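Here are a few exercises to work through with the viewer open. Try each task yourself before you read the solution.

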Amino acid sequence: MLTKKNISFYMVLLFGLHARSQTNISGTINTNTIWTKLNSPYIVTANTVLLPNVVLDIQPGVEVRFNSNVQLMIRGILTGKGNKNDSIKFVANNGVVQWNGVFVDNSSYNAKVSFKYFLGSNAYSLFKVASVGSNDTLMKFLNCSFNYNHSVFEEYDGVKTHMVYVDSCLFANTSYYCNIGASNNIIKNSKFTGNSYRALYNNTTQNTVIDNCEFTGFSDAALLVNGIITNSKFHNNYIAVATMSDNSPVITGNSFYDNNIGIHAWNYFGVNPSTQINYNEFCNNTYAIKKVYSVDTSVPNNCWCTTDNSQIDATIYDFFDAPSLGIVNYLPKSSGCPIPASVNEIDFSDRINVFPNPTKNGIYIGFKQLNFNDVDIELINPIGEFLTPNFSELVADDNLFLNMTSLASGIYYLQIAVGNKKIMKKVVKL
């Protein structure tokens, strides 16, 4: 029979067992290691290094807590596949305001990071990268959340050929940049909200592909990038997209509303081709387009939520407001914005993913709920000739790699047959 005294004893015993279940981490990880939920939480008490060619695999439900001014350095491979009901967490230890983050040292090592269903919070630089460049995916994140970090990705890459792949993730309450000094980015189906400064910045030697994302609440420019921006929403930002000074990004099929400035059009070195900024929708922005520098900008075939030219003119700041600036040439559409996906490419399935696109070296072809052995893929060049695709072996996460290094720059098409259905994917080779 239990008494109050017995119950108190068992309570203390259970608490003691729970307290002893934590695992303290410091020093080096020099053999392939699995962190399990049974031994969670893992407390990183001092700087810890994952050595080259060593794999650290983190199981669903593991929580990793970091002491103040502590970082985890990755020179090997860090991977974690949580699930919808049991995510992996990297957080500050109890009472710690901010920890240093994960340092991915790819300067002399083949370091990689890959997470599914992951939460990272309260880090200064959640993932800080040093790299001399890699043709492989350096970091990949699916169904992840990044909350209350100073920055999420902070990268220093002298060659800038590696890639960060993000799909279906949430970036919330980031105080500085979500991604600064970035590599080539593929960012899809993700939301950036409650952030104070900028979402992404990269320079003109890099390429960013953003599709079906949402950006809101940035006090500077949500995006300051070179690349392709499609099918995304921008609202309640000071500047939604700044086009930088020496590139002409493709901005197509997006919605810009309730921003101070929709597009800050820099294009210092030349006129944007007329196909660059089109089929977007501009509504209720203080300025839909605001010029910087003296070069003209063409923005044909966009929708403005009005057909009254005087109202459209009021949202354009250019030569007619300040003679030192270039002219914004526009031709409004009354309907058809944002552009339907079928105008960009014929795509009847969301089960096949092609990235990075545009590419310099090659593309990964990802299969969702498909057996790749049942898929027939053909490559078509810019003049309609069928080529022999140079595929490598299937890589991690069911991705097939198509090597395009030897191909000339231009637009290619993948004809992908699944049963009696054919899917066409457009690929831009830089």
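**Exercise 1. Get the overall picture.** Work out what share of the 430 residues in the chain is buried.

*Solution.* Keep in mind that this is a predicted model. Start with burial: 49% of the chain's 430 residues are buried. Next, take the surface, where the accessible area is about 19400 Å², with carbon and sulfur atoms accounting for 52% of it. Now add secondary structure: the chain has three helices and 43 strands. Finally, look at contacts between residues at least 6 apart in sequence; 54% of these join residues at least 24 apart.

**Exercise 2. Find the hubs of the core.** Identify which residues touch the most other members of the largest nonpolar core.

*Solution.* The core in question has 71 residues. Rank its members by how many others they touch, and Phe 90, Phe 115, Phe 127, Phe 146 and Phe 215 come out on top. Then zoom in on Phe 127: skipping neighbours within four places in sequence, its contacts include Val 102, Val 104, Val 113 and Met 139, as well as Phe 115 and Phe 146. Phe 127 also contacts Glu 154. Last step: there's a second, separate core of 14 residues, with Val 375, Ile 377, Met 404 and Leu 414 among them.

**Exercise 3. Sort the cysteines.** Decide which cysteines form a disulfide, and explain why Cys 144 and Cys 169 don't bond to each other.

*Solution.* The structure holds one disulfide. Cys 283 and Cys 305 make that pair, with their sulfur atoms 1.5 Å apart. The two partners sit 22 residues apart: Cys 283 is in strand β32 (residues 281–283), while Cys 305 is in the loop between β34 (297–303) and α2 (309–314). Cys 283 is buried, at a relative accessible area of 16%.

Now try Cys 144. Its closest cysteine sulfur is in Cys 169, 4.3 Å away, so the gap is too far for a bond; the cut-off is 2.5 Å. Cys 144 is buried too, at 2% relative accessibility. Cys 213 is also in no disulfide, since the nearest cysteine sulfur, again that of Cys 169, is 9.5 Å away. Relative accessibility for Cys 213 is 3%, so Cys 213 counts as buried.

**Exercise 4. Check a polar side chain.** Is Asn 254 buried or exposed, and which backbone oxygen does its side chain reach?

*Solution.* First locate Asn 254, in the loop between β28 (250–252) and β29 (255–257). Its relative accessibility is 0%, so Asn 254 counts as buried. Then follow the side chain of Asn 254: it reaches the backbone oxygen of Thr 252 at 3.2 Å.

Note on methods:
Residues numbered from 1 in each chain as written. Predicted model: local features only at pLDDT ≥ 70, side-chain atom pairs only at ≥ 80, totals over all residues. Heavy atoms only, no water. Core = buried A, V, L, I, M, F, W, Y, C linked by side-chain atoms within 4.5 Å. Buried < 20%, exposed > 50% of the residue type's maximum accessible area, 1.4 Å probe, protein only. Contact = heavy atoms within 4.5 Å. Helix = DSSP H or I, 4+ residues; strand = E, 2+ residues; numbered from the N terminus. Areas by Shrake-Rupley, 256 points an atom, 1.4 Å probe, with all protein chains shown as cover. Polar contact = N/O pair within 3.5 Å; in protein donor to acceptor, adjacent residues only side chain to side chain.
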